[in-house]
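Trainee: Could you take me slowly through one part of this model, the salt bridges, and show me how they sit within the fold as a whole?

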Amino acid sequence: MKHFSILLVVLMTFPVVHSSAQKIGGFGTELSVLSLKMNYRTWVSKTTGFELMGGVASELDDINPNDFEAGFKFLHALMYERTQRTYIGVVGKYKWLNLTNENARTSLPIPGVIVGKEWYSKRIKRKGFAVELGYQFGSKEYEILSPDNHNFISKEKFEEFPLILNLRYSFYTKRGR
């Protein structure tokens with residue numbers, strides 16, 4: 001609950017969306033330390049953006065991309081120039097885990113914060129490249145059940161890898177004025 005309160009305060013400090021600004025949106029791909037995701041990012045103004053994402057992931061113990069995660073980002077640009085943005089944001093994602101033990105599955109929410117830098121070309125094709133660094137936290141205890149009779153065997157704990165390091169590539173289009 002303490003982490004949720006901190007994220008809520010951070011969200012409330014962002015300014016309201018400005019109506020007289022650059023409006024672009026685009027699809028892209030994001031490569032992370034332990035995941036590969038497709039996403040849609042939209043900048044509703046020069047300083048405010050949103051992103052929806054989903055893709056495959058893996059755990060640090062088992063580098064097998066058999067997990068799924070989906071989530072969102074709320075972004076606020078600290079510095080805006082015509083061809084680049086520096087931004088901060090909050091991340092909220094939900095991860096469905098297929099753990100190394102074949103009889104163990106669980107899911108958990110994972111909140112986080114990021115700082116990013118995005119460069120984009122305004123030429124014929126609007127392309128963007130971004131680098132994001134951040135921190136995320138999430139852990140959950142789960143039960144190991146017997147494969148024969150589904151009785152409780154033991155409890156284990158999953159800890160999400162805390163480092164966020166994302167490389168993004170996007171194709172943008174302008175939206176209505």
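Mentor: I will begin with the fold and then turn to the charged pairs.

This is a predicted model, in which local features need pLDDT of at least 70 and side-chain atom pairs count only at pLDDT 80 or more, while totals for chains, interfaces and linings use all residues. Residues are numbered from 1 along each chain as its sequence is written, and side-chain values use heavy atoms, with hydrogens and water left out.

The protein chain holds one helix and 10 strands, where helices (H or I, at least four residues) and strands (E, at least two) are DSSP runs numbered from the N terminus. Read from the N terminus, the helix comes before the strands, in the order α-β-β-β-β-β-β-β-β-β-β. Eight of the strands close into a barrel with antiparallel pairing, in the order 1-2-3-4-5-6-7-10, and two strands are said to pair if DSSP finds at least two bridges between them. One such pairing is that of strand 3 (residues 48–57) with strand 4 (residues 67–81), which run antiparallel and are joined by 10 bridges; within it, Val56 has Phe68 of strand 4 as its bridge partner.

Of the 177 residues in the protein chain, 42% are buried, a word that here means under 20% relative accessible area, whereas exposed means over 50% and partly exposed lies in between (1.4 Å probe, protein chains only).

Now to the part you asked about. Side chains of opposite charge can pair when their charged atoms come close. A salt bridge is counted when a side-chain nitrogen of Lys or Arg lies within 4 Å of a carboxyl oxygen of Asp or Glu, and the structure holds 15 of them.

Take first the pair of Glu132 and Lys73, whose closest N and O atoms are 2.6 Å apart. This pair links distant parts of the chain, since Glu132 is in strand 7 (residues 126–136) and Lys73 is in strand 4, 59 residues apart. Both Glu132 and Lys73 are buried.

A second pair is formed by the side chains of Lys95 and Glu160, which meet in a salt bridge at 3.1 Å, N to O. Here too distant parts of the chain are linked: Lys95 belongs to strand 5 (residues 84–98), and Glu160 to the loop between strand 9 (152–159) and strand 10, 65 residues apart. Lys95 counts as buried because its relative accessibility is 2%, and Glu160 counts as buried because its relative accessibility is 9%.

A third pair joins Lys155 with Glu141, and the closest N and O atoms are 3.9 Å apart. Lys155 lies in strand 9 and Glu141 in strand 8 (residues 139–145), so this pair ties together parts that are 14 residues apart in sequence.

Salt bridges that share partners also build one network, which joins Glu30, Lys37, Arg41, Glu51, Glu69, Lys73, Lys93, Glu118, Glu132 and Arg168. You will recognise Glu132 and Lys73 in that network as the pair we took first.

For contrast, consider a part of the surface without such pairs. Leu31, Leu36, Val56, Trp119, Phe129, Leu167, Tyr169 and Phe171 make a nonpolar surface patch of about 750 Å². Patches are made of residues with over 30% relative accessible area and no salt bridge, like charges being joined within 9 Å and nonpolar side chains (Val, Leu, Ile, Met, Phe, Trp, Tyr) within 5 Å. Strand 10 (residues 163–174) gives the most to this patch, with three residues. Leu167 is in strand 10, and Leu167 counts as partly exposed because its relative accessibility is 39%.

Terms used: Accessible areas come from the Shrake-Rupley method with a 1.4 Å probe; for residues, only the protein chains shown count as cover.
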